[in-house]
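This briefing is intended to be read alongside the sequence and the model. The points are grouped by topic for reference at the bench.

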Amino acid sequence: MNDESNGRARGVLAAGARKSDANGVVASRLRALYQAVESEPVPQQLIDLLRRLDEAERAQTGD
């Protein structure tokens, strides 16, 4: 069975690679993606929204 016929993505496993090697590749790519997202600044719109939500919550509780 080739990669396309059994539903696996093409190119994930190199020739002769073991499944654990593929898991390592996926893990390292996910780690890199999460690190890239972590380093992005928080958009000002989101900061403003969180501030407004915090203010609304305080107004409801009477603080």
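Is Arg58 buried, partly exposed or exposed? In this predicted model, Arg58 is partly exposed, its relative accessible area being 45%. The chain contains 2 helices and 0 strands, and 2% of its 63 residues count as buried.

**Overall surface**

- The accessible surface of the chain amounts to about 5800 Å².
- Carbon and sulfur atoms account for 54% of that accessible surface.

**Helix H2**

- Helix H2 covers residues 44-61.
- The 18 residues of H2 should span 26 Å at 1.5 Å a residue, and the C-alpha atoms at the ends of H2 are 26 Å apart, so the expected span and the model agree.
- Gly62 comes just after H2 and takes a positive phi of about 85°.

**Salt bridges**

- The structure holds 2 salt bridges.
- Side chains of opposite charge can pair when their charged atoms come close.
- One of the salt bridges joins Arg58 to Asp54, with 3.0 Å between the closest N and O atoms.
- Arg58 and Asp54 are 4 residues apart in helix H2, which means that about one helical turn separates them.
- Asp54, the partner of Arg58, is partly exposed at a relative accessible area of 32%.
- Glu55 and Arg51 also meet through their side chains in a salt bridge, with an N to O distance of 3.3 Å.
- Both Glu55 and Arg51 belong to helix H2, where they stand 4 residues apart, or about one turn of the helix.
- Glu55 has a relative accessibility of 42% and therefore counts as partly exposed.
- Arg51 is likewise partly exposed, with a relative accessible area of 41%.

**Nonpolar surface patch**

- Val42, Leu46, Ile47, Leu49, Leu50 and Leu53 make a nonpolar surface patch of about 520 Å².
- Leu53, one of the residues in this patch, lies in helix H2.
- Helix H2 thus holds Leu53 of the nonpolar patch, as well as the salt-bridge partners Glu55 and Arg51 and the pair Arg58 and Asp54.

Conventions: Residues numbered from 1 in each chain as written. Predicted model: local features only at pLDDT ≥ 70, side-chain atom pairs only at ≥ 80, totals over all residues. Heavy atoms only, no water. Buried < 20%, exposed > 50% of the residue type's maximum accessible area, 1.4 Å probe, protein only. Areas by Shrake-Rupley, 256 points an atom, 1.4 Å probe, with all protein chains shown as cover. Salt bridge = Lys/Arg side-chain N within 4 Å of Asp/Glu carboxyl O. Patch = residues over 30% accessible without salt bridge, like charges linked within 9 Å, V, L, I, M, F, W, Y side chains within 5 Å. Expected span 1.5 Å × (residues − 1).
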